[in-house]
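Let's take a walk through the inside of a protein and look at its enclosed spaces. Have the structure open beside you as you read.

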Amino acid sequence: MVFFATVYGKPILPPERMGSYAPEDVVFLLKNLQHVQLEKALEEREEAIQSGVHYSEMLPVEYQPTPAYLQLFHETLKFSAEKVALATGIVAELILQKRGPEVVLVSLARAGTPIGILIKRYLAHVYGITVPHYSISIIRGKGIDVNALRYMLQNHPNGQLQFVDGWTGKGAIRKVLIEACAEFASAYGVSLSDDLAVLADPGCCSDTYGTREDFLIPSACLNSTVSGLMSRTILRSDLIGPDDFHGAKYYEEWLSEDVSNLFIETIAQHFPHVADEAKKRAERQAQALVPPNWQGLQDIQQIQQHFGIADINLVKPGVGETTRVLLRRVPWKILVDRMDNPNLHHILLLAADRQVPVEVFPGLTYSCCGLIKPLKGDTP
């Protein structure tokens, strides 16, 4: 305990149990704010964000899917489950090569949480090893939850932390993670790997990925009801004290609509069939050593120039990020590589539902890109 106190500060109390996942699947290192009113209407929240209020200080009113959209989610999950399972297997194999059996999976809430559970399940099924898995907060412009890092290191002094997310867009969170790990090393003298493992890396900014194809991971289609009934994370000084974890809401009232565990089980059942192929592809990928070139960010800068968009944060590339724009921002338009892209069925349905124009953008390296409507001044 002297070691912990010296290197990581005073011991941190265990978190309250939250979420609809089994406790053996994931532990949320988050403060429960479920009884605090944090939601704002999309237009009100968008205006606040573009006026300088940080997005982590409030929550969007969560989109309630129509029956047609929910049916599309189930169809997409069934259609893509084996592909997602294979990407999961590749990532899990690479993680095991890099970190060994002492790995501690650290999902970035909330999109990373179901992916971390899948990786944990794969390692248990294929190798018979049970690895710890936590879900923690990281926030663009504010950094990572240092108390969560300290908690994991206190409880797993020999653990090799591996950060996990669902996908990359233009790489903003990867940049936050790089900075956060550097700051943690400076403050505590402990070097953490800033490697971010993702299923899809269309932004070409990760070293550990299942594919660089911009394909639809079905968990991107929904919000809390596919993420353990957890909200986005919150960081506000009046709610989060210096010894607290970052906060989140647990939407326990939506248990009857929850498909979080259905998502996990549907994909995990394919692990026995994809394990051999996952091992082969992971080995080839490890040997190829193709480093990130951040090509996605360069493409986004071209879109910025083409449409005269001053703030790069209003450009959200990739299937996952475009879905988020349609679910919880005020979209201006959606760019697609082609209208018959099979990854875009839910994008087109959401865009029609919200009356957002969709247009083909020649040379787009992503499947799609969401443009958020600038609320200051005229739309470009």
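**The cavities and their linings**

In the second largest cavity, α10 gives the most to the lining, with 3 residues. Keep that helix in mind, as we will meet it again. This is a predicted model, and a search of the whole structure finds 3 cavities of 30 Å³ or more.

Let's stay with the second largest cavity for a moment. About 110 Å³ of space lies inside it. Which residues surround that space? Its lining consists of Arg110, Ala111, Pro114, Trp167, Ser219, Ala220, Leu222, Asn223, Ser227, Arg324, Leu327 and Arg328. Sorted by character, the lining has 6 nonpolar, 3 polar and 3 charged residues.

Now move on to the largest cavity, whose volume is about 590 Å³. Here 31 residues form the lining, and those nearest the centre are Tyr55, Ile173, Arg232, Glu321 and Arg324. You may recognise Arg324, since this residue also lines the second largest cavity.

Where along the chain does the lining of the largest cavity come from? At least two residues each are supplied by α2 (42-50), β7 (138-139), α6 (172-188), β13 (315-317) and α10 (319-328). The largest share comes from α10, with 4 residues. So here is our helix again: α10 also gives the most to the lining of the second largest cavity.

How do the residues lining the largest cavity divide by character? There are 13 nonpolar, 6 polar and 12 charged residues in this lining.

Terms used
Residues are numbered from 1 along each chain as its sequence is written. This is a predicted model: local features need pLDDT of at least 70, side-chain atom pairs count only at pLDDT 80 or more; totals for chains, interfaces and linings use all residues. Side-chain values use heavy atoms; hydrogens and water are left out. On a 1 Å grid over the protein atoms alone, a cavity is a set of points where a 1.4 Å probe fits but cannot get out, and a pocket is an open set with protein on both sides within 12 Å along at least five of seven lines; lining residues have an atom within 4 Å of a point. Grid points are joined across faces, edges and corners, and a volume is the space filled by probe spheres set on the points. Ala, Val, Leu, Ile, Met, Phe, Trp, Tyr, Cys and Pro count as nonpolar, Asp, Glu, Lys and Arg as charged, and the others, Gly among them, as polar.
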